[in-house]
Amino acid sequence: MRALTDGRGLLFGGDYNPEQWPEHVWAEDVELMRAAGVNLVTVGVFSWARIEPEPGVRDFAWLDRVLDLMHGAGIAVDLATPTASPPPWLGHRWPSTLQVDERGHRLWYGSRNQFCPNSPIYRKRALSIVTDLAERYAAHPAPALWHVGNEYGQVCHCDDSAAAFRTWLRGRYGDLDTLNEAWGTTFWSQRYSDWAEIIPPRHAPYLINPSQRLDWRRFCSDALLDHFRAERDILREHTPDRPVTTNFMGFFKPVDYARWAGEQDIVSNDCYPDPGDPLSPARTALTHDLMRGLGQGRPWLLMEQTTSAVNWRPHNLPKPPGQFRLESLQALARGADGLCYFQWRASAFGAERFHSAMLPHAGPGTRLHAAVRAHGRELRRLARVAGEPVPARVAMVFDWESWWALEEPGRPSDRLNADEQLLRYYLPLWERGVSVDVVPPSAELGAYALVVAPNLFLISDEDAAALTAYARAGGVLVVGPFSGVVDPRAHVRTGRFPAPLREVLGASGEEWLPAQDGPVPCRWAGGGAFEAHTWTESLAAEGAEPVAEFAEGDLAGRPAVLRHRFGNGVAWYVATLPETEALGELTERVLRDAGLAGALPSGVLPPGLEAVRRGEVLFLLNHGDGTATVPVPHPAQDLLTGTTVTDHVTLAPREVAALREKRPHEPA
Ligand code: GAL
């Protein structure tokens, strides 16, 4: 399969919804797209009702014209299957195709995404239109990529879903005794005596069985994946060489992307950083590193981002000038080969009238559109980056199943969140310009010098053994609190915790102790105090050396952070939530253990300055409010400006440098 970028360079474009506009507007669109350097548009995402106005009727003529137009203009098409948004006739004639929530309420049409992934009728109709679409456009030269559905995430509690859940459970457990055992149904008289009794976790008087809920989440993700696969396989049958993707949504809880990523020819993601959140730059970088990790280091596509405000937050801040370019270049620096937007032309009607676009309502003669055009053109200067890897020696482990299991109600504290912990540990690495891949626990870890697992509440025996083997073989491992607590059935592993990681961590505990509001005072063993919060554990060292201890209260003098020389490596256990500065200090120590440094020798970069290497280019991105001056290690050429940089660069807020270091024989 050819890389999408072959002959095209970096991809630039967006969702294009020509069905919302009369055809004379299409001609203007194409002209403006060309002027902006657009080379990829996503077409057809919400076009089911346009293609199939009545059951069984097909109207492809308009889509033929759109694809011909794009091909004539040299713009490739990411052709979407329209199955994310069925027409009203489907729900009207067959209400069972509509989702049902956990209270038994049906979710009606009039919006989008109203389908039950387990409805045989939806499935039949969806696969039928996908087949016709694939047949019709198999030989058309415009489509370069298939885009299956859109942002999968439907969860349905209807009877069809209950039946599909039972089938899935039979596949997992074989017989009812095994299921009863796995779900711990001796608790609260929940024993099932007939498969027919098993239902999705519907609205109930009190807490629902956590093992049932965990399996339900697995099932829901798998059911969507099954539907995705069915569409994808039809597309592959007709166009074996055309890559297939579906757009992810970053850390989206309902869908286990680690199970989905291997099913994509290219990983793609939608990303809408909140302009009002000061942590957005790091949060976004983390999401990009997840996409790269999911694709095992391969380039990915930023399928959707936006030029300014969205319409779906309560108060939608616009992006200041320079912001969307900064964000686009951030994705590029972190491994994206395509930088696409939702959407090309701002809608005049519908629920997204007030969502920004590449071409705003006010037209092409606007500041915003001029910036889009300039950005499209400048990407040509960065074409050499396409396909290049982002080398990372640090892996952060993140697991959807553990996330689901941890955040079930009825736990010691709802203040310990898997994604939040991941971000907390990521921040000090990001601030130091240390590149990270976010990977599942089952990933091959051998090539990483440092593996950080901020929380692995649920861990399988195999994954625990792999982490243990990794440290024994010389790796540096960091494990955060409340890890190794339950097995894949969500049963607590009895005995001292964290049972399956006890050997590698050289420590064990007997109580998890959520803390009172306010700081938890701690001190480093070598001197110096710091504060933690929210969470403590009563631990005993079993070979590990205490690096920090709790300073007050019942745990005074007991270990808070431990370091264990283990085999040829080192394992750290952090039994509390250190404040930002202390996590920075901890990160420094851990990096030293791993023999790692950031992208620049200067250590901590100016606030808000992101540094990341992709291929032979060092990207410096200023997310901060002030002008930043950054020393550069070697003379370099800034690919964005064409200028030569000798010893430092100065970047105004939202400015970016893409430095290609001069080789020794090249003149400075
Ligand atoms: C995405 C979606 C697009 C559009 C966009 C608005 O979630 O895929 O169709 O709705 O959000 O931000």
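**Notes on the sheet, the cores and the salt bridges**

1. In this predicted model, the bridge partner of Trp524 is Ala548, which belongs to strand 16. The pairing of strand 14 (residues 507-524) with strand 16 (residues 545-550) is antiparallel and rests on 3 bridges. Strand 16 is also joined to strand 17, again in the antiparallel sense, by 4 bridges, and here Glu545 stands opposite Arg563 of strand 17.

2. These strands belong to an open sheet of 10 strands with mixed pairing, in which the order reads 11-10-12-13-18-17-16-14-15-19. Strand 11 (436-439) and strand 19 (577-578) each have a single partner strand and stand at the edges, so one side of each is left without a neighbour in the sheet. As a general point for reading such a sheet, side chains in a regular strand alternate between its two faces.

3. Strand 17 (residues 559-566) deserves its own point, since 7 of its 8 residues are buried, so this strand is largely enclosed by the rest of the structure. Its pairing with strand 18 (residues 569-574) is antiparallel and runs over 6 bridges, one of the pairs being Phe566 with Gly569 of strand 18. The hairpin formed by strand 17 and strand 18 has 2 residues between the strands, and Gly567 takes a positive phi there, near 55 degrees.

4. Arg563, already noted as the residue opposite Glu545, also meets Asp593 through its side chain in a salt bridge of 2.9 Å, N to O. Because Arg563 lies in strand 17 and Asp593 in helix 17 (residues 580-594), the pair ties together parts that are 30 residues apart in sequence. The two partners can be set side by side in terms of accessibility: Arg563 is buried, with a relative accessible area of 12%, whereas Asp593 is partly exposed, at 27%.

5. The structure holds 48 salt bridges, and two further pairs are worth inspecting. Arg125 and Glu52 form a salt bridge whose closest N and O atoms are 3.9 Å apart; this pair links distant parts of the chain, with Arg125 in helix 5 (residues 120-137) and Glu52 in the loop between helix 2 (48-51) and helix 3 (61-72), 73 residues apart. Glu52 counts as buried, at 2% relative accessibility. The side chains of Arg218 and Glu401 meet at 2.8 Å, N to O, and connect helix 8 with helix 13 (residues 400-406) across 183 residues; Arg218 and Glu401 are both buried. In addition, Asp289, Arg292, Arg334, Asp437 and Glu610 are linked in a network of salt bridges.

6. Turning to the interior, the largest nonpolar core has 143 residues, and those with the most contacts inside it are Leu63, Leu382 and Leu450. Leaving aside residues up to four places away in sequence, Leu382 touches Leu10, Leu329, Leu332, Leu639, Leu640 and Ala658. A second, separate core comprises 27 residues, including Ala395, Leu445, Ala464 and Val504.

7. Ala464 of that second core is also among the contacts of Pro500, which, apart from its neighbours within four places in sequence, is in contact with Ile459, Ala464, Thr468, Gly484 and Arg493. Pro500 is found in the loop between strand 13 (476-479) and helix 16 (502-505). Pro498 is placed in the loop between strand 13 and helix 16 as well, and the peptide bond from Phe497 to Pro498 is cis, with omega near -10 degrees.

8. A reviewer may wish to look at the cis peptide bond from Phe342 to Gln343, where omega is near -5 degrees; Gln343 lies in the loop between strand 9 (336-341) and helix 12 (367-378). Gln296, although not a glycine, has a positive phi of about 55 degrees. The place of Gln296 is in the loop between helix 10 (280-294) and strand 8 (300-304), where it counts as exposed at 67% relative accessibility.

9. Trp188 likewise has a positive phi of about 55 degrees without being a glycine, and this residue lies in the loop between helix 7 and helix 8. With Phe187, Tyr206 and Leu207, Trp188 makes a nonpolar surface patch of about 470 Å². Trp188 counts as partly exposed, at 47% relative accessibility, and Leu207, found in the loop between helix 7 (176-183) and helix 8 (210-238), is partly exposed at 34%.

Terms used
Residues numbered from 1 in each chain as written. Predicted model: local features only at pLDDT ≥ 70, side-chain atom pairs only at ≥ 80, totals over all residues. Heavy atoms only, no water. Patch = residues over 30% accessible without salt bridge, like charges linked within 9 Å, V, L, I, M, F, W, Y side chains within 5 Å. Areas by Shrake-Rupley, 256 points an atom, 1.4 Å probe, with all protein chains shown as cover. Salt bridge = Lys/Arg side-chain N within 4 Å of Asp/Glu carboxyl O. Buried < 20%, exposed > 50% of the residue type's maximum accessible area, 1.4 Å probe, protein only. Core = buried A, V, L, I, M, F, W, Y, C linked by side-chain atoms within 4.5 Å. Contact = heavy atoms within 4.5 Å. Pairing = 2+ DSSP bridges.
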